[in-house]
Amino acid sequence: MELKNLYIFRAIVKEGGFTQAARKLNYTQSTITFHVGQLERELKVRLFEKIGRRMILTKAGEQLVPYVEDVFQALGKMEGFQNEVSHYTGRLRIGAPESLLCFSLPPFLKVFQQKAPKTSLLLTSMNSQSVIEALKEDKIDIGVLYTEKHEDEDHIIFEPVGRHRLIMAASRRMKKEIERARGSRGKDIGVTRIVQPQRGSLRKKFDEYCRQRGIPEGNTIELRSTQTIINLVKNDMGLCFLPNFVLQEELDKGVLEEIAVPGEPICISSAVAYYKNKWISPAMELFIYMMKNKE
């Protein structure tokens, strides 16, 4: 079915007759009549009938009108889609743990915004397991998360983007207290741990480390805000266990000090993730490419 035939049919309906449509489209009336005849042959129905000197829609013609409007509305959406695709417009929903969202992603997001200024960003702080759940439920388009033990998740694609050393840190005064409190076997005893909730990947790493070294749980301050954890540690309230990129500025300033951890460095991986069957929009594709290539 030729689109031109539908276009002319629509013009006749909108303009109120064959003559008016011919004038609007700058066609001869015979051209208008020819295309209407083609459309009627394709559909095998009469679309117009002559009443006196006027051509009016038949019942079949009236029933065709909304279908033709649907066609042209769809075409309009496709044109808008083409513009969106070529200019990175629309909205991109991103979920990430606060430690990544606040301390790792901002410089990257700045560059992304420069490359895709017409893309609106909706950023949500959530732990890594919640990121996976949000991807499955289509609440976010992209997740940036810690990937320990998540690689076997069904329908989620993980693209590795980094590996980060975990650092145990405290204020200078608290570090001295910790060193004095260590037992003869090098165990950290009676030190308040300032940690994320138990579902978080960083908390699981910390708990695993403590179990391996036989460190008793002791007092715990538990909260989700990474920045608040750092503030409490700076105020001599305990120690924390966070990725190096989170603590680097405070370590460089001497506000916090690293507490040596015996054995191999303890690390955690990060990845950008998305739902396997989701359509990858141009903005998503750009984001994923930039994350993987560390632009």
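**Helix H3, strand E6 and the nonpolar cores**

Student: Which residues of H3 are buried, that is, under 20% relative accessible area with a 1.4 Å probe, protein chains only?

Tutor: This is a predicted model, in which local features need pLDDT of at least 70, side-chain atom pairs count only at pLDDT 80 or more, and totals for chains, interfaces and linings use all residues. Residues are numbered from 1 along each chain as its sequence is written, and side-chain values use heavy atoms, without hydrogens and water. H3 is a helix, meaning a DSSP run of H or I with at least four residues, numbered from the N terminus. Its buried residues are Ile32, His35, Val36, Gly37, Leu39 and Glu40.

Student: Which residue stands opposite Glu159 in E11?

Tutor: Strands are DSSP runs of E with at least two residues, and two of them pair if DSSP finds at least two bridges between them. Nine bridges join E6 (residues 156-171) to E11 (residues 267-275), and the two run antiparallel. Opposite Glu159 stands Val272.

Student: Where does the largest nonpolar core lie, and why?

Tutor: A nonpolar core is a set of buried Ala, Val, Leu, Ile, Met, Phe, Trp, Tyr and Cys residues joined through side-chain atoms within 4.5 Å. The largest has 53 residues, and those with the most contacts inside it are Leu247 and Phe287. Its largest share, seven residues, comes from helix H12 (residues 282-292). Because domain 2 (91-163 + 269-293) and domain 3 (164-268), with bounds from an automatic or database domain assignment, both give residues to this core, it lies between domain 2 and domain 3.

Definitions and conventions: Buried means under 20% relative accessible area, exposed over 50%, partly exposed in between (1.4 Å probe, protein chains only).
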